Amino acid sequence: MTYKVFIDGEAGTTGLQIRQRLQDRTDLEMLSIDPARRKDADARAELLNAADAVVLCLPDDAAREAVSLISAPQVKVVDASTAHRVAEGWTYGFAEMSAGQREAIAGATRVSNPGCYPTGFIALTRPIVEAGLLPRDWPVTVNAISGYSGGGKGLMEEFERPAPDGTNDAYRPYGLTLAHKHVPEMQRYGGFDHPPLFAPSVGRFAQGMIVEVPLQLWALPARPKIADLRAALSQAYAHETFVAVASDLETEALGKARAGAGGYVADLDPEALNGTNSMRLFVFGDDGKGQARLVALLDNLGKGASGAAVQNLNLMLGLDESAGLTR
């Protein structure tokens, strides 16, 4: 059987990458809108209701409008915007998040694609919370850096120009008002009672991402060891195709990759998984100091956006979950 798929917003960064992942598939028929009618509600409504599945790659308000235009009950929707990530009636599209989540996605007609930062944060923290190693009321901090492709057209145009004279402008913190739109899903699906303190930044590279959660293990009630954290993560993702936990030997080798002024430093390349739907998790730390750094490495446009959307689409249509995706 061939399923009809319409990407509403296929001209954007995420839409283009989803289209690229789907275009050679023989089990899907891609529907496209006349570029001159992209903003024509009637033309969009016709395609939205003609498809078996729709992927929304739109700003939040436009995504809500698109959903309102769908009247055909059989149409399945994957929304890549922020609009429905904590909305009632929508299933969160992180298949590896917990037992039963993959089945929930497969049986849903409305799935909200996770944000890129939350994908890394939730992957790192939820298994540790569920194992009782990290309390739900703990004041968690998350630091992260992403390629500029996650910032939309304006930021992409700015960063693709040469840096201003006198600076490389290689690193730019943002979200300084602590009101980033990803925080609600981080709190809910990470399993926390309070919003995490989120410190995002953008680097002068197109795509790729590192998400980090530092922990003072000596202060945690359970006083976990590094091995306890790694074991909780390894158990959670033991049979997953796209999420893997680095072994203690791999992590140790990275930590001793080269000597720096402050000792040995890890050579983690935020671009290492670009073009894939993979995410790799690391646990760095020192039991003697009672400190740990949980790190997630992923492509912000892959597992953090278009790759996850294709994975969710596959599940909703009953197809091979890995179809069109690379590790």
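**Entry 1. Secondary structure and overall form**

I counted the secondary structure elements in this predicted model. The protein has 10 helices and 15 strands.

I then looked up the radius of gyration. The protein has 20 Å, and a compact globule with 327 residues would have a value near 20 Å, so the two agree. Along the principal axes, the C-alpha atoms fill a box of roughly 65 × 50 × 35 Å.

I noted how much of the chain is covered: 52% of the 327 residues count as buried. The exposed surface comes to about 14,900 Å², and 51% of it is supplied by carbon and sulfur atoms.

I checked how far along the sequence the contacts reach. Taking contacts between residues at least 6 apart in sequence, I found that 70% join residues at least 24 apart.

For charge, I have 31 positive and 40 negative charges in the protein. Their mean positions are 2 Å apart.

**Entry 2. Cysteines**

How many disulfides does the structure hold? I found zero. Cys57 is in no disulfide, and the cysteine sulfur nearest to it, that of Cys116, is 14 Å away. I looked from the other side as well: the closest cysteine sulfur to that of Cys116 is in Cys57, and 14 Å is too far for a bond. The cut-off I needed here is 2.5 Å between the sulfur atoms.

Are these cysteines buried or exposed? Cys57 counts as buried, because its relative accessibility is 15% and the cut-off is under 20%. Cys116 is buried too, with a relative accessible area of 13%.

**Entry 3. Positive phi values outside glycine**

I went through the backbone for residues other than glycine with a positive phi, and wrote down two of them.

Leu178 has a phi near 60°. I placed Leu178 in the loop between strand E8 (171-173) and helix H7 (183-190). Its relative accessible area is 57%, so Leu178 is exposed; the cut-off for that is over 50%.

Arg223 has a phi near 45°, again positive in a residue other than glycine. Arg223 sits in the loop between strand E10 (209-216) and helix H8 (226-236). I recorded a relative accessible area of 55% for Arg223, which is therefore exposed.

**Entry 4. Ala108 and Arg110**

I took these two together. Ala108 is in the loop between helix H4 (101-106) and E6, and Arg110 is in strand E6 (residues 110-112).

Ala108 has 8% relative accessibility and counts as buried. Which residues does Ala108 touch, not counting those up to four places away in sequence? I listed Lys76, Thr91 and Met316. I also took one distance: Ala108 and Ser98 are 10 residues apart in sequence, and their C-alpha atoms are 16 Å apart in space.

Arg110 is a charged residue that I found buried, with a relative accessible area of 18%. With residues up to four places away in sequence set aside, Arg110 touches Val67, Ile70, Val75, Lys76, Val77, Gly89, Trp90, Thr91 and Met316. Lys76, Thr91 and Met316 thus appear in the contacts of Ala108 and in those of Arg110. For a distance, I took Arg110 to Ser201: they are 91 residues apart along the chain, and 30 Å separates their C-alpha atoms.

**Entry 5. Val183 in helix H7**

I returned to helix H7, where Val183 lies. Val183 is buried, with a relative accessible area of 11%.

What is Val183 in contact with, leaving aside neighbours within four places in sequence? I found Pro195, Pro196 and Phe198. For Pro195 I also have a C-alpha to C-alpha distance of 6.4 Å from Val183, with the two positions 12 residues apart in sequence numbering.

**Entry 6. Leu325**

Where is Leu325? I placed Leu325 in the segment after helix H10 (302-316). At 12% relative accessibility, Leu325 counts as buried.

Leaving aside neighbours within four places in sequence, I found Leu325 in contact with Arg21, Phe242, Asn277, Gly307, Val310, Gln311 and Asn314. Gly307, Val310, Gln311 and Asn314 carry numbers that fall in the range of helix H10.

My last distance was to Met97. Leu325 and Met97 are 228 residues apart along the chain, and their C-alpha atoms are separated by 19 Å.

Definitions and conventions
Residues numbered from 1 in each chain as written. Predicted model: local features only at pLDDT ≥ 70, side-chain atom pairs only at ≥ 80, totals over all residues. Heavy atoms only, no water. Helix = DSSP H or I, 4+ residues; strand = E, 2+ residues; numbered from the N terminus. Buried < 20%, exposed > 50% of the residue type's maximum accessible area, 1.4 Å probe, protein only. Rg over C-alpha atoms; globule rule 2.2 N^0.38 Å. Contact = heavy atoms within 4.5 Å. Areas by Shrake-Rupley, 256 points an atom, 1.4 Å probe, with all protein chains shown as cover. Charge placed at Lys NZ, Arg CZ, Asp CG, Glu CD.
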